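Biologist: Could you take a close look at the charged side chains for me, and then tell me what is packed around them? I would be glad of the cut-offs along the way.

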Amino acid sequence: MWLMNGKRRLLAIVCALIFMCFSLPTAFAEGEIELGDANGDGSVDATDASAVLRHLVLIEAIPDELLPFADADQDEAVSATDAACILRYVVKIDTIPPSTAPVPPPVEERPDLSGKVIFLDPGHGYDSVTGSLYGGRMAVNGLLTYAEADRVLTFALETKALLEEHGATVILTRSDRYMVGNYVRVSMVHKYALNQLKLYDSELATEPYDPSILLKIAEYDRLIGIMDAIIGQYRPGTDEDNGELAKLYYFTPYDNSRLRVIHPDTKLIYEYEKDPRLANMVYISLHTNASAGSQSGLNRGLLVYCTDNTYNPTYYDGYQAENSLRLGDLLNTHVSEQTGLNKRSEKVIINDYFMTRENNLPAVLLEIGYHDNADDLAIITADKTPANVANGILLALSEYFG
């Protein structure tokens, strides 16, 4: 009788083992379970995370034999962390068990301005002889005395550092508080542009020499010589634009007694500056604004100016106006957003300022708020504003060149 009962018990155990083999997933039966495979179906996917969660809320228990595989993080307990670990593995964020290496921070897309040349023009300045301030009148806010020339230089220096960090070549038209004549500023730009064209064409001037390229190089040299002469004539004193040679080659907005007739060499330089090989260059003049007369203190906001081909077509009608307007729109948007200064105009304003008229790179004049308005002045003089202006210019240039 006992023997019979023993046979029955043995038969029951065998049947139970056979049943388990057929009832468990095939992979488990074949010994192919991998860590994270909580349901034993031979793969690690979202259903395993679901199995862990169903086990935890007592909907459907994971068999004891599979619990070691459900413990995906290997902390000797099955928990919601294991479900999260499995899902991170499924979407390829992490490994199973989780990696112990520190997770690197997300890589931010850094604007790359490598190969770009940015002329930054901090407006106005002090006479190195008399000490008087050209332009940028003083505005008083309580005990604070404001000078536009000093503040825009701070903006320019901060912007230069940031743009160079992102690979740009940045050329300042002045690097200290002293005035540089307007003629000198644009002559610096023309000289640089012509030298770049000379460099590009010199690389082509290999034997057998192409006479047309050699003539072009000679013409660059002649024009560069004129720019050097204009720069050499400038002297600080009572007249910031006191070079007679400069007045021959540029039209000054302060002398309306003369007809606006462009010098043939100046026009030639403007035409050269449309060369696609100079498309990596732009010119940005930085200022802060003030209202005249009875409007003093009443206006506020950011303004952007460009010169187009309709304003003064008898002088020159071949400006890169489309690019200037596009750059101006981007500066208007990004500098306003970064500084908190309102846009005084949603559109770029077409005007005849010397700095945008007397060169033919994409050129923009930026008025960064009204320093005679108390609200704008508080923003203009805030410690964080130079960095904010720099960020706005960086974003605009990144999009412009993008």
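**The charged network and its surroundings**

Modeller: Happy to! R260, D352, R357 and E358 are linked in a network of salt bridges (a salt bridge is a side-chain nitrogen of Lys or Arg within 4 Å of a carboxyl oxygen of Asp or Glu). Please keep in mind that this is a predicted model, in which local features need pLDDT of at least 70 and side-chain atom pairs count only at pLDDT 80 or more, while totals for chains, interfaces and linings use all residues. Residues are numbered from 1 along each chain as its sequence is written, and side-chain values use heavy atoms, with hydrogens and water left out.

Within the network, R357 forms a salt bridge with D352, and their closest N and O atoms are 3.1 Å apart. Both R357 and D352 are buried (under 20% relative accessible area, with exposed meaning over 50% and partly exposed in between, using a 1.4 Å probe and protein chains only).

R260 brings us to another acid, D308. D308 is buried yet has no salt bridge, and R260, its nearest side chain of opposite charge, is 11 Å away (Lys and Arg count as positive, Asp and Glu as negative; His and the chain ends are not counted). Where does D308 lie? D308 sits in the loop between β8 (303-306) and α11 (321-339); helices (H or I, at least four residues) and strands (E, at least two) are DSSP runs, numbered from the N terminus. The side chain of D308 has polar partners: a polar contact with the side chain of T310 at 2.9 Å, and a reach of 3.1 Å to the backbone nitrogen of Y311. (A polar contact is a pair of N or O atoms within 3.5 Å; within protein, one must be able to donate a hydrogen and the other to accept it, and residues adjacent in sequence count only if both atoms are side-chain atoms.) Leaving aside neighbours within four places in sequence, D308 is in contact with Y319, A321 and I350 (contact means heavy atoms within 4.5 Å).

The structure holds 16 salt bridges. Among them, K198 pairs with D221, with the closest N and O atoms 2.7 Å apart. This pair links distant parts of the chain, as K198 is in helix α7 and D221 in helix α8 (residues 211-233), 23 residues apart. K198 is partly exposed at a relative accessible area of 25%, and D221 is partly exposed at 35%. R54 and E60 form another salt bridge, their closest N and O atoms being 3.3 Å apart. R54 counts as partly exposed, with a relative accessible area of 34%, as does E60 at 47%.

E60 leads on to H55, in helix α3 (residues 46-56). Not counting residues up to four places away in sequence, H55 touches E60, A61, I62, L67 and V78. A polar atom of the H55 side chain lies 2.9 Å from the backbone nitrogen of I62.

Helix α7 matters for the aromatic side chains as well as for K198, so to speak of those next: the structure holds 11 aromatic pairs. (Rings of Phe, Tyr and Trp, taking its six-membered ring, pair if their centres lie within 6.5 Å; planes under 30 degrees apart count as stacked, over 60 as edge-to-face and the rest as tilted.) F119 and Y192 form an edge-to-face pair, 5.6 Å centre to centre with 85° between the planes. Because F119 lies in strand β1 (residues 117-122) and Y192 in helix α7 (residues 182-204), the pair ties together parts that are 73 residues apart in sequence. F119 counts as buried at 2% relative accessibility, whereas Y192 is partly exposed at 25%. Y183, Y250 and F354 form one aromatic cluster.

Now for the nonpolar packing. The largest nonpolar core has 38 residues, of which I118, L163, I284, L286, I393 and L397 touch the most other members (a nonpolar core is a set of buried Ala, Val, Leu, Ile, Met, Phe, Trp, Tyr and Cys residues joined through side-chain atoms within 4.5 Å). Helix α14 (residues 385-401) gives the largest share of this core, 8 residues. A second, separate core of 27 residues includes V117, L194, F354 and L361.

As for the chain overall, its secondary structure comes to 14 helices and 10 strands, and 46% of its 402 residues count as buried.
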